[in-house]
Amino acid sequence: MTRILRQPEGLDRAPATGRFAIGQPVSRSEDPVLLRGEGRYTDDLDRQGQLYGVAVRSGVAHGILRGIDTAAAAAMPGVAAIITGADIVAAGFGPMPAATSRNRDGSDTPRPRQFALATDRVRYVGDPIAFVVAETLQQARDAAEAVLAEIDTLPAVTDARDAAAPGAPQLHDEAPGNLVLDYHFGDAEAVAAAFARAAHVTRLSLRSSRVIVSPMEPRAAIAEFDPAEGYALRLGCQGAVNMRGLLCTVLGVPQEQVRVLTFHVGGSFGMKASCYPEYVCALLAAKQFGRPVKWTDDRSGSFLSDSHGRDHEMLAELALDAEGNFLATRLTGFANLGAYLSNVVLLPATVNAVKNFVGVYRTPLIEVSSRSVFTNTTPVGAYRGAGRPEGNYYMERLVETAAREMGLDPLALRRRNLIRPEAIPHRAPSGLTYDSGDFPATLDRALAAADWDGFAARRAESAARGRLRGRGIGHYLEVTADASPEMGGIRFDADGGVTIVTGTLDYGQGHATPFAQVLHDKLGIPFDRIRLVQGDSRQLLAGGGTGGSRSIMQSGAAIIEAGDLVIEKGRRAAAHLLEAGAADIEFANGRFSVAGTDLGIGIMDLAERLRTASDLPEDVPGDVPGDVPATLDVGHVTRGVPSAFPNGCHIAEVELDPETGVIEVVAYHTVNDFGVLVNPMLVAGQVHGGVAQGIGQALHEMVAYDETGQLLTGSFMDYALPRADAVPGIGFASHPAPARTNPLGVKGCGEAGCAGSLPAVMNAVVDALSGFGIAHIDMPATPRRVWEAIRAAG
C-alpha cells in the first residue's frame with residue numbers, strides 16, 4: 001500500500017531560477033566526453049595479459065546433448081582451454097539465478113536448474129554449450145568454430161499457447177506441461193457477477209509481440225581473479241550491487257569476494273540487469289589461469305543470447321453499464337518465458353499487469369489470470385516497462401473498441417470514467433493508492449496540443465492524396481518500482497570536489513547532472529565541483545540499481561536525506577569554529593551562520609577547515625574535539641520511497657497507404673505528469689526515446705521463429721528497428737501534480753514513453769483502417785499485415 005506523506009515543503013514555490021537549480025534544463029555533464037569518442041565502455045578496456053573468450057552456442061532449439069568434441073579445437077594455436085558444463089559443475093558453481101513465485105493454489109513455482117553451460121540438454125538456438133579461451137580473439141573464434149557437439153534433436157515449440165497444449169514438447173521435467181506459474185489476482189466471483197449484469201462487454205485478443213532489445217553496446221565483460229581479493233568483473237549492467245549479489249549466488253562466495261565495476265554503458269532497457277552465462281565462464285577461466293579474460297558479444301550472438309522482451313498473448317475484457325460506466329475488467333492469457341527463468345521474467349504478466357491494467361480509470365473490479373510457460377526460444381527478461389506498457393496498451397485498446405461498439409464518442413467515454421482530481425487519493429482495485437494526478441487536465445491539454453478539432457481537415461487532405469489518416473489516444477498511468485534501500489553517500493574530497501555515491505546506475509539516462517542539481521539545491525555546493533560514483537560495488541553500502549523508473553525517486557531521496565545529515569554535522573562543526581551553540585547555527589544557500597549575526601562560513605570552506613584542522617586545538621587527539629565531526633562526509637542508506645504514478649496522454653496521427661500497407665507516424669504530442677521535473681530537458685529526452693521504442697514495437701519490430709525453433713530474424717538485415725525517418729517530431733509538455741510520497745515530489749519518467757506510445761499508435765492505426773470494418777490488428781502493424789488485413793476485409 002502506498003504511504004501518503006505530507007506535501008513536501010517547497011513544492012508550491014515558484015520554480016528556482018538559479019542556473020543549476022532543480023527545474024532547470026541543464027545540459028548533461030557527460031556529453032562532451034561521449035561526443036568526443038572518449039567514453040569508457042567495457043570493450044574499450046583492456047587488462048594486462050588478458051585472454052579472450054568466445055561462447056559456443058547450440059545450433060538446434062531442442063535436443064539431448066550427448067557429447068562435445070573439443071579435441072581439434074584444443075589443439076589449435078593459442079587455445080588455453082575449452083570450458084564445458086562439466087567444468088562448471090566441477091568448479092562447484094551453482095545454477096544461474098532464477099525468479100520464483102507462488103501459484104494461485106499457494107504452491108511454489110518450479111525452478112529448473114540452468115548452469116552456465118548446458119550439461120544434458122539444449123533448449124534454444126543460442127544455448128551456450130562451451131566457452132573457448134585463447135591468447136587472441138581471432139584464435140578463440142577459430143577454435144570455437146572447431147568445437148563439435150553431438151545433439152539428438154527433439155521437437156521444439158516456440159509459441160506459449162502451443163507449449164501449454166497437451167502433447168507439446170516438454171522442456172523441463174520439473175515443469176510438467178511447460179507450466180511455470182499459474183497466476184491469479186482478483187475476486188473471480190465478483191468480477192463474473194459484474195460481467196453478467198453488464199449492458200455491454202468488449203473482448204479483444206491482444207498480443208504484445210516479442211522484441212529483441214538491441215542496445216547500441218553489445219554485452220561485454222572482463223573477468224579477473226586474485227587469491228587475496230577474490231573475483232572482479234568489469235561489465236555494463238544496471239546496478240553494481242545487484243549484479244554482485246547475482247554473481248555471488250552462482251559462485252557460492254560471500255559478497256566481499258566479488259567486486260563489480262561498471263563504466264559507461266551503451267543502453268540496456270532492462271536486458272543487462274541479468275546475470276548471464278558468459279560472465280560465469282569468464283570468471284572461472286580467470287581463476288584457472290590467473291589472467292584476465294575478456295569476452296565481447298557480437299551482434300549476431302546478441303540476437304540469440306540477450307534476453308528478449310514482451311511476448312504475451314492476452315484476452316482483455318471490459319464490462320460496462322448502459323451509460324458506459326466501467327464495471328469490471330478482466331485479463332486472461334499466456335506469457336512466453338523462453339527456455340529458462342531469468343531473474344525478473346515472472347513480473348510483467350502478473351504483478352505488473354495488475355498494477356498497470358486499470359490506468360487512469362475508475363474501475364471497481366479487476367481480475368488477472370495468466371499462465372507463464374517455457375518454450376524453445378531465447379529467455380525473456382525485462383524490457384522498458386516490463387508489463388507497464390502492456391497493461392496500458394490492453395486498457396486503451398479496450399476503451400477505444402468499446403466506444404466504437406457502443407456507438408459512443410471515445411472522448412466522452414474516457415471522460416465519464418476518468419478518476420477525478422477531487423477523488424485523489426484514490427484506492428485502485430490493484431490495492432494501490434494513487435496519491436496525486438489530474439487526469440482530465442492532461443487529456444484536455446493533449447487534445448489542445450494535437451489540434452484535435454482540426455483533424456477532419458487533415459484527414460480530408462490525406463484522402464486527397466490517396467492516404468488514410470487515423471488518430472489515436474494513449475492515456476496512460478504506470479506504477480514505478482517499489483521502495484528499496486538506496487545509498488546516498490556524500491564525500492568531500494581532498495581536491496575540493498564533492499562526490500555523490502549512490503547505487504542506481506546510469507546506462508544512458510544522464511544521472512550525473514540531475515543528481516548534482518539535487519545536491520546543489522540542497523547544500524549549495526558549486527555544481528561544477530560535484531562528481532558521481534555509481535559503478536563500483538566496493539564503494540556502495542547498498543544499491544537497487546536502475547530499473548522500474550526508480551532512480552530519481554530513490555537516489556534523489558537518499559541524497560536529500562544525506563544532505564540533512566551533512567547539515568547536522570556541519571552545524572556542530574560550525575558551532576565550534578564560530579564559538580556559538582549548535583542550536584544558534586543556521587544553514588541556507590550553502591552557508592552556516594550564527595543566527596542574528598554576520599558571522600558564518602561556507603560549506604566548502606568548512607569541509608576544508610575540518611580536513612586540515614588548522615585552527616583547532618593542537619592538544620586534542622586528531623585535532624578535533626570529541627563532539628565535533630572530523631569530516632562532513634556521510635554514508636547514508638535510505639529505506640526507499642514508495643512507488644509513484646507517472647501518467648499522461650499521448651496522441652498520435654498516422655497516414656496509411658492502402659495500396660502498400662505502409663504506415664507513417666506524421667504527428668505526435670504528449671502531455672505528461674512526472675511531478676517535479678528536476679531537469680526538464682532530460683525528461684523530454686526520456687520520453688522521446690520511449691516513444692521511438694513504442695513506435696518500433698507497434699509498426700516495425702517482429703521476432704520470428706520457424707517450426708524447428710530457428711530464429712529467422714537473426715540480424716538487422718531481417719529485424720527492423722525504427723529509423724530516424726520513422727519517428728516524427730514529438731511534442732512534449734508537462735502538467736505536474738507533485739508526488740506526495742517522496743521529498744522531491746518526483747515521479748519516474750524512464751518507461752512512460754512506451755506506456756503511452758503503444759496504445760496511441762495502435763489506436764491510430766485501427767482508426768485509419770476502420771473504414772474497411774477492421775476493428776483490430778496486432779502489433780507490429782507491418783506493411784504486409786496491413787495490406788493483408790485490407791484485402792481480407794474485401
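**Exercise 1. Place Phe374 in the predicted model and decide whether it is buried or exposed.**

Step 1. Phe374 sits in the loop that runs between β15 (366-373) and α11 (388-406).

Step 2. The relative accessible area of Phe374 is 1%. Buried means under 20%, so Phe374 is buried.

Step 3. Next, look at the contacts. Leaving out residues up to four places away in sequence, Phe374 touches Pro112, Ala163, Leu171, His172, Ala175, Asn178, Val180, Gly338, Ala339, Tyr340 and Leu341.

Step 4. Finally, take a distance. Phe374 and Ile68 are 306 residues apart along the chain, and their C-alpha atoms are separated by 25 Å.

**Exercise 2. Describe the surroundings of Asp536.**

Step 1. Find the position: Asp536 belongs to the loop between β21 (530-533) and α16 (551-577).

Step 2. With a relative accessible area of 8%, Asp536 is under the 20% cut-off and therefore buried.

Step 3. List the contacts. Apart from neighbours within four places in sequence, Asp536 is in contact with Ala240, Arg259, Val260 and Leu261.

Step 4. Look for polar partners. The side chains of Asp536 and Arg259 form a polar contact of 2.6 Å. The side chain of Asp536 also reaches the backbone nitrogen of Arg538, at 3.0 Å.

**Exercise 3. State how many cavities of 30 Å³ or more the structure holds, and describe the largest and the second largest.**

Step 1. The structure holds 3 cavities of 30 Å³ or more.

Step 2. The largest cavity has about 220 Å³ of space. It is lined by 20 residues, and those closest to its centre are Gln114, Cys275, Tyr276, Pro277 and Pro379.

Step 3. Sorted by class, this lining of the largest cavity consists of 11 nonpolar, 6 polar and 3 charged residues.

Step 4. The second largest cavity has about 60 Å³ of space. Its lining residues include Arg310, His312, Asn336, Tyr383 and Glu390. By class, the lining of the second largest cavity has 7 nonpolar, 3 polar and 2 charged residues.

**Exercise 4. Determine where the buried residues of α17 lie around the helix axis.**

Step 1. Helix α17 covers residues 603-612, and Ile603, Met604, Leu606, Ala607 and Leu610 are buried in it.

Step 2. These residues cover an arc of only 160 degrees around the axis, so they lie on the same side of α17.

Step 3. Check what comes after the helix. α17 is followed by Ala613, which has a positive phi near 50 degrees.

**Exercise 5. Locate two cis peptide bonds and two positive phi values in loops.**

Step 1. One cis peptide bond joins Ile424 and Pro425, with omega about 10 degrees. Pro425 is in the loop between α12 (410-417) and β16 (426-427).

Step 2. Another cis peptide bond joins Met779 and Pro780, with omega about -10 degrees. Pro780 is in the loop between α19 (752-769) and α20 (783-792).

Step 3. Glu579, a residue other than glycine, has a positive phi near 55 degrees. Glu579 is in the loop between α16 and β22 (585-588). Its relative accessible area is 74%, over the 50% cut-off, so Glu579 is exposed.

Step 4. Asn589 is not a glycine either, and its phi is positive, about 55 degrees. The place of Asn589 is in the loop between β22 and β23 (591-594). At 80% relative accessibility, Asn589 is exposed.

Conventions:
Residues are numbered from 1 along each chain as its sequence is written. This is a predicted model: local features need pLDDT of at least 70, side-chain atom pairs count only at pLDDT 80 or more; totals for chains, interfaces and linings use all residues. Side-chain values use heavy atoms; hydrogens and water are left out. Helices (H or I, at least four residues) and strands (E, at least two) are DSSP runs, numbered from the N terminus. Buried means under 20% relative accessible area, exposed over 50%, partly exposed in between (1.4 Å probe, protein chains only). A polar contact is a pair of N or O atoms within 3.5 Å; within protein, one must be able to donate a hydrogen and the other to accept it, and residues adjacent in sequence count only if both atoms are side-chain atoms. Contact means heavy atoms within 4.5 Å. On a 1 Å grid over the protein atoms alone, a cavity is a set of points where a 1.4 Å probe fits but cannot get out, and a pocket is an open set with protein on both sides within 12 Å along at least five of seven lines; lining residues have an atom within 4 Å of a point. Grid points are joined across faces, edges and corners, and a volume is the space filled by probe spheres set on the points. Ala, Val, Leu, Ile, Met, Phe, Trp, Tyr, Cys and Pro count as nonpolar, Asp, Glu, Lys and Arg as charged, and the others, Gly among them, as polar. The arc is that of the directions from the helix axis to the C-beta atoms.
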